[in-house]
Amino acid sequence: MSRIFPFLHSSRTAIMFGAGAATSTELMDAMGQKDEIIDQITTEWENLKLDSLICNVFPFPAPILDAPGMLPTATAYALIWNLVDFPAGVVTMGYESGKKLSTYNDDGDMTLKLAVKSVIESVGAPIGIQVVGRRYQDEVVLRVMKELEPFNTFKSHNNDSN
């Protein structure tokens, strides 16, 4: 993959672009594996007595305007729930302060290098969190999002700066 897309090469990116089915048999196998993964996740949620999960939607603040096409691995936080058909929604919970820029370690990864640049240019932008629910339980996701709304610090931050 690094020969085809040398600018995208990292171990994380190579794993993502190495996936896919080339034949109908491989597609059917992949669909069977998907069902197994859904069953495993559902069983684990049942064991943990989870109705919903609150997690990151993106590993860093909104990327700069020209960067999204260069950041396919950054979608992993949201992509997994789409792949396994779990409902998810995003609610704003705060804003990018830019205070922890020194803690970003890009580890030579292009995605993370762009993330650092994005954070610098995204100071003051809203940061969302993702609420994920069990399959066919969209109403639980909406309820949790509604319950989280009062804790949104972005509104008060914006009002203070006016």
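Here is a short friendly exchange about a predicted model.

Me: Why is glutamate 96 called buried?
Reply: Happy to explain! Its relative accessible area is 10%, and buried means under 20%, so the label fits glutamate 96.

Me: Where does glutamate 96 lie, and what is it in contact with beyond its neighbours within four places in sequence?
Reply: You will find glutamate 96 in the loop between strand 2 (88-95) and helix 4 (110-121). Leaving aside those neighbours, its contacts are Pro61, Val119, Ser122, Val123, Gly124, Ala125 and Ile127.

Me: Why is phenylalanine 151 called exposed?
Reply: Exposed means over 50%, and phenylalanine 151 has a relative accessible area of 56%, so it earns that word. Its place is in the loop between helix 5 (138-148) and helix 6 (153-161). The C-alpha atom of phenylalanine 151 is separated by 6.6 Å from that of methionine 93, 58 residues apart along the chain.

Me: What makes strand 2 and strand 3 a pair?
Reply: Good one! Seven bridges join strand 2 to strand 3 (residues 126-133), and pairing takes at least two bridges, so these strands pair. They run antiparallel. As one example, glycine 89 has valine 131 in strand 3 as its bridge partner.

Me: How are the three strands ordered in the open sheet, and what makes strand 1 (52-56) and strand 2 edge strands?
Reply: The order is 1-3-2, with antiparallel pairing. Strand 1 and strand 2 each pair on one side only. On average, neighbouring strands of this sheet are turned by 30° against each other, direction ignored.

Methods. Residues numbered from 1 in each chain as written. Predicted model: local features only at pLDDT ≥ 70, side-chain atom pairs only at ≥ 80, totals over all residues. Heavy atoms only, no water. Helix = DSSP H or I, 4+ residues; strand = E, 2+ residues; numbered from the N terminus. Buried < 20%, exposed > 50% of the residue type's maximum accessible area, 1.4 Å probe, protein only. Contact = heavy atoms within 4.5 Å. Axes fitted to C-alpha atoms, helices over the stretch in contact; angles between N-to-C directions.
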